[in-house]
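Please go through the helix packing and the ligand sites of this model. The text below takes them in turn.

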2 protein chains.
Amino acid sequence: MVSRNRSQVKDHLGSKVLNHPELRNTKATEYMSHEEKYRYNLSRATAMLKLIDEEGMDVNEISKVMSHTVSGFTTPDGNPLAVHQVMFVPTLMNQADDDQVSRWLGDVFNGTIVGTYAQTELSHGTFVRGLRTTATYDPASRTFDLHTPDVSAAKWWPGGLGTTANHAVVMAQLYTDGQPRGIHPFMVAIRDRETHRPLPGITVGEIGPKLGQNTLNNGYLLFDHVKVPRENMLMRNARVNEDGSYTKPSHQKASYGTMVFTRVAIALDTVDALQIAATIAARYSIVRRQGEPRDDGQEPQIIDYQTQQLKVLPHIAACYVLRASTARLWEHHTHVTSEVRGGDTALLPELHATACCLKALVTQDCSEAIEALRLSCGGHGYMTASRLPALYAYATAGATYEGENTVLLLQTARYLVKQAGGSHAPPAAGSAVTYLSRPADDTPFAVGSPAAYVAAVGRVARGRVTEVAAALQADRQTMPEADAWNQSLVQLVAAALAHGRYFVVREFAEVVSQQSSSRAIQQMLQLLFSVYLAHAVSRAEGDFITYGGLTPSDIRLNRRHLLRLLAELRPHMIPLTDAFDLPDRLINSTLGAWDGDVYRRMFEQASHSPLNTDEVPASFHQAMLRSKL
Amino acid sequence: MVSRNRSQVKDHLGSKVLNHPELRNTKATEYMSHEEKYRYNLSRATAMLKLIDEEGMDVNEISKVMSHTVSGFTTPDGNPLAVHQVMFVPTLMNQADDDQVSRWLGDVFNGTIVGTYAQTELSHGTFVRGLRTTATYDPASRTFDLHTPDVSAAKWWPGGLGTTANHAVVMAQLYTDGQPRGIHPFMVAIRDRETHRPLPGITVGEIGPKLGQNTLNNGYLLFDHVKVPRENMLMRNARVNEDGSYTKPSHQKASYGTMVFTRVAIALDTVDALQIAATIAARYSIVRRQGEPRDDGQEPQIIDYQTQQLKVLPHIAACYVLRASTARLWEHHTHVTSEVRGGDTALLPELHATACCLKALVTQDCSEAIEALRLSCGGHGYMTASRLPALYAYATAGATYEGENTVLLLQTARYLVKQAGGSHAPPAAGSAVTYLSRPADDTPFAVGSPAAYVAAVGRVARGRVTEVAAALQADRQTMPEADAWNQSLVQLVAAALAHGRYFVVREFAEVVSQQSSSRAIQQMLQLLFSVYLAHAVSRAEGDFITYGGLTPSDIRLNRRHLLRLLAELRPHMIPLTDAFDLPDRLINSTLGAWDGDVYRRMFEQASHSPLNTDEVPASFHQAMLRSKL
Ligand SMILES: Cc1cc2nc3c(=O)[nH]c(=O)nc-3n(C[C@H](O)[C@H](O)[C@H](O)COP(=O)(O)OP(=O)(O)OC[C@H]3O[C@@H](n4cnc5c(N)ncnc54)[C@H](O)[C@@H]3O)c2cc1C
Ligand SMILES: Cc1cc2nc3c(=O)[nH]c(=O)nc-3n(C[C@H](O)[C@H](O)[C@H](O)COP(=O)(O)OP(=O)(O)OC[C@H]3O[C@@H](n4cnc5c(N)ncnc54)[C@H](O)[C@@H]3O)c2cc1C
């Protein structure tokens with residue numbers, strides 16, 4: 001027994017999923033063919049959708065059962081309906097006008113319409129304005145002509161597009177009156193609702209295998225002058241009238257809300273993946289014994305090596321800090337959304353800027369951490385059955401989709417340098433950027449004082465942002481804007497990350513200080529926070545020297561402090577990962593089960609290899625004995 | 001056209017492989033079943049072995065055609081005969097006595113014996129003395145009884161063991177006269193030579209799917225009191241006589257030679273993988289255009305973004321530096337091997353220490369670099385067809401096998417602290433550790449001077465090693481050795497890495513200074529070296545402040561210097577990757593081909609998806625339409 005408590009799925013929703021008749025019997029998918037895998041995941045995704053429908057779940061419940069903790073169980077190789085649920089439907093809700101919503105939504109909910117969100121093209125992802133699929137309005141026929149000018153403008157990547165969806169929201173360059181009007185969304189039927197055959201003029205298929213998530217069913221899509229009725233442009237914001245006249249959207253930021261939502265959701269899901277990985281590595285590091293026997297005659301548990309503590313424990317602290325801070329951003333989002341509904345969009349740009357850098361920071365930190373945890377399991381971490389490779393494949397994809405991380409950080413940076421330059425209205429109270437317009441917090445740095453660490457993190461953010469804002473300002477006097485911007489690119493990215501880090505630690509500082517929790521819990525949160533802070537400093541020492549007010553001698557002191565804190569955290573490792581409350585079926589790892597019976601499980605799973613079914617696999621005879629070396 | 005020269009396989013050996021009738025026609029393996037993949041890779045591995053034999057290749061030629069550059073073409077999913085070739089045969093040659101060699105070698109070379117090297121067990125990898133498979137000698141029958149006490153002592157991981165090998169060199173705990181004698185190698189037949197059926201008492205199979213390299217055919221193996229004749233213990237070093245009396249090996253370091261050989265080979269192969277990844281990312285970063293069009297009306301090539309230069313260019317410099325330094329270690333190895341043959345083993349411990357830290361440093365740097373390069377390709381880097389995921393899966397395995405990196409670094413560290421403590425004989429002239437016993441090089445640090453950077457790297461190594469040696473010394477006064485050692489573990493690892501870095505830069509400094517190359521080449525090497533050094537400092541600023549003599553203001557200066565150097569290197573990027581001389585068939589990437597025709601290639605490879613063969617995949621109907629959402 002490694003864990004102190006056998007986790008039960010205590011909550012209602014989780015157990016509904018795990019015990020659902022169409023979901024509870026899982027199969028190992030690792031030896032399935034690509035098509036079998038797709039079929040298995042699709043049928044489970046379908047069952048999930050039905051369950052959501054039957055239970056009448058609200059948005060919070062849905063995000064819970066769609067979170068990676070649960071979806072890694074329902075659709076272990078990627079959910080081919082995910083984009084339908086998290087992008088297609090929300091886009092319709094937000095960007096279709098009321099007529100359109102009432103026209104389509106019934107068919108969406110009864111499953112006649114299955115959709116995807118088709119934005120990215122082979123040659124354009126990041127630079128959305130560069131998309132080259134055209135939608136040219138013809139007033140005579142009152143239709144748009146959708147067209148793909150060449151292969152490199154093919155839609156490429158949309159999830160579910162491969163073979164699952166029969167509709168797509170297609171982002172295309174609108175032309176009316178011979179004028180380009182920018183990128184707009186169009187609802188396009190791509191396959192027949194009955195036969196599922198591609199409609200005339202449509203070329204569609206699956207893009208091929210990937211590092212992971214192979215049943216997301218990512219697809220490609222080309223149009224050969226496909227006619228789409230005028231009423232299929234999503235018209236809540238911009239409009240094209242029958243005569244071809246064009247009405248601009250009232251405010252450009254209309255779609256920020258959905259983007260913030262998706263990015264915060266990605267951040268939370270990636271922390272889910274880290275929690276699972278941390279639980280696996282923690283439990284394995286207790287079970288695994290390796291090395292010169294100690295006084296008790298037993299080989300040491302590997303977690304008692306100082307190096308192993310450094311590989312594992314900081315990431316457990318990160319789970320706590322990143323989850324709490326991201327959850328708080330989620331609350332801000334809920335608040336801002338209700339303000340926006342009331343017509344006040346003032347907080348939206350900042351929320352958007354924060355979500356961009358947080359998605360980037362969390363996906364980057366978590367994927368690096370998962371990989372470090374995998375490596376900490378030695379050879380056995382390389383096995384699929386450890387689940388660690390799949391967790392990494394999932395987390396690292398989040399660094400690219402919904403905005404490549406560098407590009408997202410540059411969006412945050414653009415907002416920050418404007419704030420630092422004073423060219424924006426001063427931020428509202430409670431804003432995350434007020435620190436830029438106030439004098440630096442001059443709490444002197446002192447190893448061991450969390451408040452001093454938080455202040456130092458703040459100074460780094462402030463120093464980074466103001467320095468690059470000034471450099472940019474200066475360069476703009478002597479060179480074109482694009483060149484000036486490019487000269488500072490690396491520093492801009494670093495500034496946005498530093499801002500994100502400050503957001504994270506400030507939010508967690510508030511969590512720690514909340515009086516509602518018991519003293520024991522507060523002490524534990526404090527310890528986790530101290531570990532997180534000391535580790536953060538040790539990973540960016542140059543920054544803390546340059547901007548954070550640390551002296552050269554603080555470096556050595558902080559390093560020692562971190563190692564001492566890890567030793568202090570070590571006895572709490574199992575309770576801290578048990579507290580994630582993950583039952584074995586959701587962890588799904590030979591190395592990470594509750595009972596620590598690692599080796600038996602590894603043996604058991606090896607028996608599934610198709611090469612082990614015959615004593616002598618046919619392939620051996622064919623390739624080898626017959627041809628004799 | 002991206003590349004300036006279409007690479008031809010110019011050398012004789014490479015073209016022999018690429019044009020060999022059984023190798024030249026490659027198939028895409030991504031949709032093959034596990035068994036088909038195995039069959040495909042095994043038959044190509046067999047063809048390769050035949051070719052080596054027919055051509056009568058010497059060891060240098062063999063390591064060339066077995067290098068990752070070539071083997072990624074011959075056995076893209078992992079070579080199931082690799083362990084036979086690189087571990088089983090060399091172990092026989094080095095550890096079997098002359099009688100044994102002549103008894104077995106004929107059958108090995110005619111392909112009757114196919115072997116593996118079975119050391120690791122389910123519960124023991126790193127700590128070899130803890131292996132629990134027993135070999136108990138019985139003088140009456142003159143046999144060893146090989147036995148696996150329980151499942152956790154099963155052999156687990158050996159390559160080719162799954163279903164390929166019929167023999168294994170098994171490392172087991174020897175018992176004679178009731179005494180444990182430590183771990184010794186035994187030649188054991190595990191499958192019938194004719195029928196390939198497992199022999200009585202043997203349980204053997206494949207361990208299951210992994211992060212990558214899935215046709216290495218890693219296996220498990222259990223013994224139920226299997227009798228092995230006395231003559232099957234490999235007896236070049238230790239001996240068991242007929243009566244059970246035991247003769248110790250003459251010197252313990254006998255097997256160091258093979259270990260050094262394998263580790264340097266792994267380092268070189270991992271640089272191969274990095275070279276391929278760097279070529280792919282460099283070419284793609286030229287082809288890919290993304291962003292606001294510039295004055296020429298075109299969107300910028302992504303390589304012109306400063307952030308992209310930082311993602312790509314330092315790793316090209318690393319290819320040059322790491323390859324050259326590792327090749328020089330290879331030369332040292334050849335030299336030391338001939339000394340050892342002449343009876344002089346004085347240089348062996350140091351060579352071993354250097355090989356340990358170099359293998360760790362190179363595999364760690366290269367896997368991180370490959371992953372950064374993959375991410376630099378945005379979404380398309382996530383596709384299998386980019387080849388980047390497979391290159392990573394290959395490189396990161398090297399961080400674990402043949403000595404887990406942390407453990408290897410600790411071996412180097414043990415050697416270094418002994419040297420620093422003066423408890424060893426002073427090192428020979430030309431040794432890599434003389435710097436420890438000399439005063440620190442006090443060349444003042446100056447951004448822009450390579451010599452100053454090299455000196456600073458040396459000071460970091462020296463500072464790290466001497467500091468931890470002193471800490472260890474002090475702790476040993478107050479606590480047991482194991483605890484003292486463990487208290488310093490993190491610092492020991494850091495010291496060994498710093499030593500490795502110093503070895504690398506010192507060796508490359510010599511390469512740069514060689515007068516034999518032309519001035520243009522020398523300037524280019526100098527630029528690459530400068531990039532490598534500035535990047536190395538930027539990744540470990542805290543160390544350079546604490547031990548390297550840098551002042552806080554040097555940090556900012558070095559960061560700027562690095563960005564300037566990258567801009568300087570940018571125009572040479574394509575010639576520098578072209579110089580790796582990798583033809584398209586060896587690169588095997590949709591993103592990295594010579595002609596830059598990325599999008600057409602991506603489209604072409606997508607057509608292979610089995611989901612694209614029917615307009616409506618059967619799976620769709622089954623899972624979805626029929627069950628209606
Ligand atoms: C698993 C997965 C699922 C996906 N699902 C969908 C989907 O359902 N629907 C959909 O439409 N798309 C989807 N995508 C596509 C995804 O949104 C894009 O891959 C992503 O937006 C990144 O764009 P890109 O691939 O064009 O990267 P690129 O922009 O080409 O990035 C390549 C490099 O260029 C750099 N770069 C680019 N522009 C700049 C700049 N302005 N400044 C500095 N550096 C720059 C980047 O930092 C990066 O290093 C998916 C992708 C993946 C991997
Ligand atoms: C692809 C692949 C192919 C392989 N092929 C073969 C083969 O052909 N034949 C064969 O015999 N084996 C093979 N192996 C096994 C391989 O050699 C072992 O996995 C490797 O030696 C690491 O040992 P381990 O797995 O026991 O890791 P562990 O030692 O269990 O490592 C787990 C963690 O414990 C830490 N740790 C362990 N000991 C110490 C210590 N003393 N001090 C500090 N930290 C410590 C490590 O740093 C690591 O973080 C292969 C492995 C892989 C992944």
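At what angle do helix α11 of chain A and helix α15 of chain A pack, and how far apart are their axes? In this predicted model, α11 (residues 405-420) and α15 (residues 489-513) of chain A pack at about 80°, and their axes are 8 Å apart. Angles from 65 to 115 degrees count as roughly perpendicular, and α11(A) and α15(A) are therefore roughly perpendicular to each other. On the α11(A) side, the contact is made by Thr406(A), Leu409(A), Leu410(A), Thr412(A), Ala413(A), Leu416(A) and Val417(A). On the α15(A) side, the residues are Leu489(A), Leu492(A), Val493(A), Ala495(A), Ala496(A), Leu497(A) and His499(A). Sorted by class, this contact of α11(A) with α15(A) has 11 nonpolar and 3 polar residues, and no charged ones.

A second helix pair joins the two chains. The axes of α8(A) and helix α15 of chain B (residues 489-513) come within 7 Å and cross at roughly 90°. That angle makes α8(A) roughly perpendicular to α15(B). Here Gln306(A), Thr307(A) and Leu310(A) of α8(A) meet Leu489(B), Val490(B) and Val493(B) of α15(B). The contact of α8(A) with α15(B) has 4 nonpolar and 2 polar residues, again with no charged residues.

The ligands come next. Where does ligand 1 lie with respect to the chains? Ligand 1 is placed between chains A and B. It has 29 residues around it, and those that come nearest are Thr120(A), Thr126(A) and Glu404(A) from chain A, with Arg288(B) and Gln308(B) from chain B. Backbone atoms of both chains approach its oxygen atoms. In chain A, a backbone N or O atom of Gln119(A) lies 3.1 Å from an oxygen atom of ligand 1, and a backbone N or O atom of Gly125(A) is likewise 3.1 Å from an oxygen atom of ligand 1. In chain B, a polar backbone atom of Gly379(B) is 2.9 Å from an oxygen atom of ligand 1. Ligand 1 on its own has 970 Å² of accessible area, of which the protein covers 92%. The elements that give two or more residues to this shell are α11 of chain A and α8 (306-341) of chain B. By class, the shell around ligand 1 divides into 11 nonpolar, 14 polar and 4 charged residues.

Ligand 2 also lies between chains A and B. Which residues are closest to ligand 2? Of the 29 that surround it, the closest are Arg288(A), Gln308(A), Thr120(B), Thr126(B) and Glu404(B). From chain A, an N or O atom in the side chain of Tyr305(A) is 3.4 Å from a nitrogen atom of ligand 2, while a polar side-chain atom of Lys311(A) lies 2.9 Å from an oxygen atom of ligand 2. From chain B, a polar backbone atom of Gly125(B) is 3.1 Å from an oxygen atom of ligand 2. The protein covers 92% of the 970 Å² of accessible area that ligand 2 has on its own. At least two residues of the shell around ligand 2 come from each of α8 (306-341) of chain A and α11 (405-420) of chain B. This shell has 11 nonpolar, 14 polar and 4 charged residues.

Helix α8(A) thus appears in two places: it meets α15(B) through residues including Leu310(A), and it supplies at least two residues to the shell around ligand 2.

Notes: Residues numbered from 1 in each chain as written. Chains lettered and ligands numbered in written order. Predicted model: local features only at pLDDT ≥ 70, side-chain atom pairs only at ≥ 80, totals over all residues. Heavy atoms only, no water. Axes fitted to C-alpha atoms, helices over the stretch in contact; angles between N-to-C directions. Helix = DSSP H or I, 4+ residues; strand = E, 2+ residues; numbered from the N terminus. Parallel < 35°, antiparallel > 145°, perpendicular 65-115°, else oblique. Contact = heavy atoms within 4.5 Å. Nonpolar A, V, L, I, M, F, W, Y, C, P; charged D, E, K, R; others polar. Near = heavy atom within 4 Å. Polar contact = N/O pair within 3.5 Å; in protein donor to acceptor, adjacent residues only side chain to side chain. Areas by Shrake-Rupley, 256 points an atom, 1.4 Å probe, with all protein chains shown as cover.
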